[in-house]
Amino acid sequence: MPELPEVETVRAGLANSILGYSVQAVEILDARSLKRNAGGPKGFKKEILGAKFQQVIRRGKFFWFPISKERALVGHLGMSGQILVRKPADVEDKCTRVILELSRGRSSKQVRFIDQRLFGGLYFDDLVLTSDGKPAGFGPEGRVEPLIPSSASHIARDLLDPHFDPDAVVEKMLTRKTGIKNVLLDQNLMSGIGNIYADESLWLAKLHYNTPAELLSKKKALELIELATDVLRKAVAQGGTSFDEQYKNVNGESGYFAVSLNAYGQTDEPCPRCGTPIRREAWSNRGSHFCPRCQKLKI
Ligand SMILES: [Zn+2]
């Protein structure tokens with residue numbers, strides 16, 4: 001499942017390759033990928049034809065192209081979504097659901113939305129003012145307005161957002177009685193940390209996933225946020241290579257995670273710090289990976 005670094009790689013790739021392009025035609029191969037679109041495929045077509053992509057902004061795992069002051073084209077990759085930028089003559093990609101034909105001057109490109117499991121989607125949404133009045137998200141190519149798609153407005157700022165406020169978030173974290181991993185994954189508090197990067201951040205901070213958040217010192221909580229931010233930045237840096245090349249051989253699940261992992265998925269492998277085998281425990285319908293020696297549970 002794509003996490004924030006993979007979504008940021010997609011966002012940055014789109015910013016590099018299709019800004020300045022307009023939509024000339026659209027082919028909808030599976031209308032189930034047009035999520036939340038009140039007008040159905042017809043309404044989507046009507047709204048997207050002629051739309052010009054000038055900016056692509058991201059918050060957490062949502063990304064969007066503002067089309068006017070009021071509306072944006074929003075994308076979410078869900079469990080298995082991919083976006084490929086192709087030449088019109090390129091061979092078909094399996095599980096392509098929507099194709100946008102773009103042009104700028106004499107240059108033509110295709111944006112293909114591919115999704116095996118159909119949890120992701122593209123849709124138009126109203127832009128609303130951000131709750132804090134600050135720019136809506138991450139989009140370093142231009143000035144970001146304080147306008148966010150209504151469907152993403154409940155999502156808290158992510159750790160790569162220039163307006164993410166670690167002190168304010170830590171203050172809220174320290175009031176929570178639940179395990180720290182739960183808190184890291186709470187999209188209403190901070191967005192963009194999924195299972196992989198939560199396990200990695202907790203390993204770096206030497207914290208057990210079930211440590212009640214309220215038991216952390218302010219210093220430790222700030223350190224954890226800093227480590228998590230660092231992990232995400234490194235993952236973005238490793239995933240942020242050439243957009244088309246990056247995804248050419250991706251078959252949906254493999255190829256996403258170029259980042260070197262210390263704990264996640266390393267069950268029975270030696271902890272890179274102390275050599276103790278990494279343990280996986282069932283957690284919240286998923287798993288938690290940790291070093292039983294470096295990350296002891298303190299209650
Ligand atoms: Zn260890």
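Strand E2 and strand E3 (residues 62-66) pair in the antiparallel sense, over three bridges. Within this pair, Arg59 stands opposite Phe62 in E3. The model is predicted.

**The five-stranded sheet**

E2 and E3 belong to an open sheet of five strands, in the order E2-E3-E4-E8-E9. Its pairing is antiparallel. Which strands stand at the edges? They are strand E2 (57-59) and strand E9 (147-149). Each has a single partner strand, so one side of each is left without a neighbour in the sheet. On average, neighbouring strands here are turned by 35 degrees against each other, direction ignored.

**The four-stranded sheet**

Another open sheet has four strands, in the order E1-E6-E7-E5. Here too the pairing is antiparallel. Strand E1 (22-28) and strand E5 (81-86) stand at the edges. Both have a single partner strand, so each keeps one side without a neighbour in the sheet. Neighbouring strands of this sheet are turned by 20 degrees against each other on average, direction ignored.

E1 pairs with strand E6 (residues 96-104) in the antiparallel sense, over six bridges. Val23 has Leu102 in E6 as its bridge partner.

Strands of a sheet pair through backbone hydrogen bonds, either parallel or antiparallel.

**The E10-E11 hairpin**

Strand E10 (residues 279-283) and strand E11 (residues 286-290) run antiparallel and are joined by five bridges. Arg280 stands opposite His289 in E11. The two strands form a hairpin with two residues between them. Ser284, in the turn, has a positive phi of about 50 degrees. Asn285 also lies in the loop between E10 and E11. Its phi is near 65 degrees, a positive value in a residue other than glycine. Is Asn285 buried or exposed? Asn285 counts as exposed, because it has 5 C-beta neighbours inside 10 Å.

Leu118 has a positive phi as well, near 65 degrees. Leu118 sits in the loop between strand E7 (107-115) and strand E8 (121-129). With 16 other C-beta atoms within 10 Å, Leu118 is partly exposed. Most residues other than glycine have a negative phi.

The strand pairs described above, side by side:

| Strand pair | Sense | Bridges | Facing residues |
|---|---|---|---|
| E1 and E6 | antiparallel | six bridges | Val23 and Leu102 |
| E2 and E3 | antiparallel | three bridges | Arg59 and Phe62 |
| E10 and E11 | antiparallel | five bridges | Arg280 and His289 |

**Domains and recorded features**

The protein is divided into domain 1 (4-152) and domain 2 (166-290). Taken over C-alpha atoms, the centres of domain 1 and domain 2 are separated by 27 Å.

An unreviewed UniProt entry lists "domain: Formamidopyrimidine-DNA glycosylase catalytic" at residues 2-120. Over residues 2-120 the chain is 19% helix and 38% strand. The end C-alpha atoms of that span are 11 Å apart. The unreviewed UniProt entry also places "domain: FPG-type" at residues 262-296. That span is 0% helix and 29% strand. Its end C-alpha atoms lie 16 Å apart.

**The nonpolar core**

How many residues does the largest nonpolar core have? It has 78 residues. Those with the most contacts inside it are Trp64, Leu73, Ile180, Leu202, Ala228 and Leu232. Helix H6 (residues 218-239) gives the largest share of this core, seven residues. The core draws at least three residues from each of domain 1 (4-152) and domain 2 (166-290). In soluble globular proteins, nonpolar side chains tend to be buried together.

Take Leu232 as an example from that list. Leaving aside its neighbours within four places in sequence, Leu232 is in contact with Leu4, Pro5, Leu159, Leu160, Gly192 and Tyr197.

**Tyr209**

Tyr209 lies in the loop between helix H5 (195-205) and H6. Why does Tyr209 count as buried? The reason is its 22 C-beta neighbours inside 10 Å, since a residue is buried if 20 or more other C-beta atoms lie within 10 Å of its own. Leaving aside neighbours within four places in sequence, its contacts are Gly179, Ile180, Lys181, Leu202, Trp283, Ser288 and Phe290. Ile180 and Leu202 are also among the core residues with the most contacts.

Tyr209 also links back to the hairpin strand E11. Tyr209 and His289 are 80 residues apart in sequence. In space they are 8.7 Å apart, C-alpha to C-alpha. His289 is the residue that Arg280 stands opposite in E11.

Conventions
Residues numbered from 1 in each chain as written. Predicted model: local features only at pLDDT ≥ 70, side-chain atom pairs only at ≥ 80, totals over all residues. UniProt positions renumbered as here; feature names shortened; annotations may be inferred. Core = buried A, V, L, I, M, F, W, Y, C linked by C-beta atoms within 7 Å. Buried ≥ 20, exposed ≤ 12 C-beta atoms within 10 Å, placed from the backbone. Domains from an automatic or database assignment. Contact = placed C-beta atoms within 7 Å. Pairing = 2+ DSSP bridges. Axes fitted to C-alpha atoms, helices over the stretch in contact; angles between N-to-C directions.
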